[in-house]
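This report walks through one protein chain, a few regions at a time. Please keep the sequence and the 3D view open while reading.

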Amino acid sequence: MKDKYDVIVIGAGHAGIEASLASARMGSGTLLITMDLKKIGYMSCNPAIGGIGKGQLVKEIDALGGEMAKAADNCGIQFRILNRSKGPAVWSSRAQIDRGLYLKYMQDVVKKTKNLDLLEGSVKELIVQNGSVKGVKLKDGISIKSKTVVLTPGTFLNGLIHIGLSHMPGGRLGDSPSLGLSENLKSLGFNVSRLKTGTTPRLDGETIKFSRLKKQLGDTPISPFSFSTDKINGKQKPCFITYTNERTHKIIKDNLDRSPLYTGKIQSTGVRYCPSIEDKITRFSDRDAHQIFLEPEGLDTSQYYPNGISTSLPVDAQIKMVRSIKGLEKAEIFIPGYGIEYDFVDPTQLRPTLETKLVRNLYLAGQINGTTGYEEAGAQGLVAGINASLKVKGREQLMLGRSESYIGVLIDDLVTRGTTEPYRMFTSRVEYRLLVREDNADQRLMEISHKKFGLISKKQYKKMLAKKENISKALKTIAGVKIYPNAKINSRLKQLKIAPISNVTSLADLLKRPGVSFNMLEKINKDGKIALSNSEIQGVEIELKYKGFIDRQLKEIENFKKIEHIKIPEGFEFKGIPGLSREIVEKLSRIKPVNLGQASRISGVTPVAISILMVYLKKLRKLP
C-alpha cells in the first residue's frame, strides 16, 4: 500500500470491480478497499448475468472496456436470448453463471491488473477539505490520501438483515455491515434514506425431484455476451420451472404475522419489479400460482436458487413453504432467504458523471445510488471509474446521453428524477431502443473507449470496424443485385415459401419481406455469395427490415439533441429569471441540470419554463 493514490475505490462488488479496473487500466494508481478480499466478485443474489434491459447494459459495459461480459462468457453455464419472439429492439441476453467460477475469475483479473493495489479493511470516514475529497480514514485509524474516491458499498451501508422477527447487522448474510460511513455522508450534507431488497432460500439439488418439473434448456448455438468472444464451448446446465400453489399461499398468509414486512419491522421500500413472495400473494391475491425458476449455482455444486420466492419469513415457515411446491416436497434448505435494509444517497445529488455535487472528486456508484442488480451496478462503476481517472488527468468527463446508450438512460433517470424505490433497468425506459440495441453496442461505444480512454485494444477496435464495414458492403451489394420475375426465380421462391414476384426486385427489397432471411438470398441468387458472420448477418437484417422505424428515430434524436446541446453553465443562477415560478426555480436549483434537455426531464418543469430558459440562455450566450 502506498501513501497516496490517484483513485481509491471503496467496495469490491460489481460496481467496485468495474470502477477499479477501469481507472487502473487507464493508468491511474488505484487502491481497491474491501472488507473481505476473498469476497471480491461474490454474487450476493441470483447466479445470473443479464436479462431484459440488463443484457443491453452488459453489452455496453463490454463495448466500453469493462469486464462483466467476459466474465459471463467464461463462467456461464446456460445462455439464452430473451424476447426472441419480439423485435430486435428488446432482445436481451441472459446467462446462468457458475457462482464459484465467477468469483475466481474476477479475483484473478483484479489481482493481475497493473496499477491496482488491494487492501482488506473498512472505511469509516471520507477525508474532505475545502469541499473536495482528499482520501479516506479506515476503522483502525489509518488515513490514506487520494485525488479521487469512488464509493461503491452495495447493501453494506448500515445493513440490517431480517429473517422473521429476528434481525442482525450485516451487509449480506455472514458479512458485517459498514458502520460510520453513512453518518459521515449525512454530516457532509447528503440526503441518506433506506431501501430494502431480499433473496431466496438456497436449496439442495440432491433433494429436488427434477423429474416432476419442466426442463428449460439454453440456446444452441450460444450467443456470447462479449464482442471479443468468438465461441463458447463450455458445459451447459438446464434450469427447471415449477409454481407456487394455493397451499403455498395459505402457508405464507398464515405466517404474515411473523413477517418483518407485515409487522412493521421493515419500513423501507422494496423492489417493485422483483417483490418478495409475501408481497406477491398479497398484492396479486387473484392469482393462484406464481412461477419459480430453479437456477443451478454451478457445475460442481448441488445448490439451486429458486428465483421467484424471495422471502424474509422465519426459517420454519420457509421450510413449509418450499415443501408445498411441486418437485420440492422433500427439499432441504442450505441457506435461508432473508430481507436486508441498507442506506442509499439521493442520486439527484450527483452530476451525470456520477461525481457528487456537494463534494468534488467524490463519485458514487451502484446500490448507494438507489439501483438494484449486478448490471446496473457494473455500468455505474465503469462510468465512475473512467471519470475518476479522467478527473485526475484533468480531462473532459464522460457523459453518456439517453439517445446513445442504456447506461445514459440509467444515469440520467437517477440524477434527474431520483428514486424512492430500488431502480431497475427495463427496455421500456429507453426512448430510442431500436437504435441502442444489444447487437450494435460495439459500433456505438467502442470508438470513444478506444480513442479517449484506451480501454478497448487496437485489435478489438479493428474487429469492430471490419464488422461495420462488412455490414455496410453487404447492404450495398444486395441493394444492387436485381432478380427478374421468371419461372426459375419464382420456382425457387415457392420452394422457400416466399410469394412470387411480378416485377424486377432487388435482393434488399426481398429481404425486407416478413419471413425472408439473409441466408435465403444465396438460394434465390445462386450466382453470388456474401460471406458474413452471424452477428453481421443479424446487423444487415435489422438495418433493412426496420429501416423505416430506424429513420424515424434518427429524426427524433435530431430534435432531441437540439436542446441537449444547449448547455447550462456550472453555477448558473435560476433565481431572478422572469417568468419562472418559485417552485420551478427551486427544482432547477436543486438538480442543477447540465443542459436544457436534462432540465426538461425534471418532474414539474413545464415546457413553458423550458422555452423561457432557452430564450434567456440564447440572449446570455448570444446563441442563434
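The text below deals with strands, then salt bridges, then surface patches.

The structure is a predicted model.

## Strands and their partners

Strand E1 covers residues 4-10, and 6 of its 7 residues are buried. E1 pairs with strand E9 through 6 bridges, and these two strands run parallel. Within this pairing, Ile 8 has Val 149 of E9 as its bridge partner. E1 is also joined to strand E2 (residues 30-34) by 4 bridges, again in a parallel arrangement. Here Val 7 is matched with Thr 30 in E2.

Strand E10 (residues 160-163) takes part in antiparallel pairings. To strand E19 (residues 338-345), E10 is joined by 3 bridges, and the two run antiparallel. His 162 has Gly 339 of E19 as its bridge partner. To strand E11 (residues 166-169), E10 is joined by 4 bridges, also antiparallel. In that pair, Leu 160 stands opposite Pro 169.

What do E10 and E11 form, and how many residues lie between them? They form a hairpin with 2 residues in between. In the turn, Gly 164 has a positive phi of about 65°.

Another glycine, Gly 141, sits in the loop that connects strand E8 (132-138) to E9. Its relative accessibility is 47%, so Gly 141 counts as partly exposed. Gly 141 is 16 residues from Glu 125 in sequence, and the two C-alpha atoms are 9.6 Å apart in space.

## Salt bridges

How many salt bridges does the structure hold? The count is 36. Three of them are listed here.

| Pair | N to O distance |
|---|---|
| Arg 212 and Glu 329 | 2.4 Å |
| Asp 230 and Lys 463 | 3.0 Å |
| Arg 402 and Asp 413 | 2.8 Å |

The side chains of Arg 212 and Glu 329 meet in a salt bridge. This pair links distant parts of the chain, 117 residues apart. Arg 212 is in the loop between strands E13 (202-204) and E14 (214-216), while Glu 329 is in the loop between helix H8 (315-323) and strand E18 (333-335). Arg 212 has a relative accessible area of 40% and is therefore partly exposed. Glu 329 is partly exposed too, at 27%.

Asp 230 forms a salt bridge with Lys 463. Asp 230 lies in the loop between E14 and strand E15 (239-243), and Lys 463 lies in helix H12 (residues 458-480), so the pair ties together parts that are 233 residues apart in sequence. Are these partners buried or exposed? At 66% relative accessibility, Asp 230 counts as exposed. Lys 463, at 35%, counts as partly exposed.

Arg 402 and Asp 413 make up the remaining pair in the table. Arg 402 lies in the loop between helix H9 (374-393) and helix H10 (406-417), and Asp 413 belongs to H10, so this salt bridge ties together parts that are 11 residues apart in sequence. Both Arg 402 and Asp 413 are buried. They also belong to a network: salt bridges with shared partners join Arg 402, Asp 412, Asp 413, Arg 417, Glu 431, Glu 564 and Arg 601.

## Surface patches

Two patches on the surface are described here, one charged and one nonpolar.

Which residues gather in the patch of positive charge? They are Lys 4, Lys 134, Lys 145 and Arg 360. One of them, Lys 145, lies in strand E9, which spans residues 143-151. Lys 145 has a relative accessible area of 54%, and because exposed means over 50%, this residue counts as exposed. E9 is also the strand that runs parallel to E1.

The nonpolar patch has an area of about 300 Å² and is made by Met 168, Leu 173, Phe 334 and Ile 335. Leu 173 is located in the loop between E11 and helix H5 (181-187). Its relative accessibility is 31%, so Leu 173 counts as partly exposed.

Key:
Residues are numbered from 1 along each chain as its sequence is written. This is a predicted model: local features need pLDDT of at least 70, side-chain atom pairs count only at pLDDT 80 or more; totals for chains, interfaces and linings use all residues. Side-chain values use heavy atoms; hydrogens and water are left out. Patches are made of residues with over 30% relative accessible area and no salt bridge: like charges are joined within 9 Å, nonpolar side chains (Val, Leu, Ile, Met, Phe, Trp, Tyr) within 5 Å. Accessible areas come from the Shrake-Rupley method with a 1.4 Å probe; for residues, only the protein chains shown count as cover. A salt bridge is a side-chain nitrogen of Lys or Arg within 4 Å of a carboxyl oxygen of Asp or Glu. Lys and Arg count as positive and Asp and Glu as negative; His and the chain ends are not counted. The place of a charge is taken as NZ of Lys, CZ of Arg, CG of Asp or CD of Glu. Buried means under 20% relative accessible area, exposed over 50%, partly exposed in between (1.4 Å probe, protein chains only). Two strands pair if DSSP finds at least two bridges between them.
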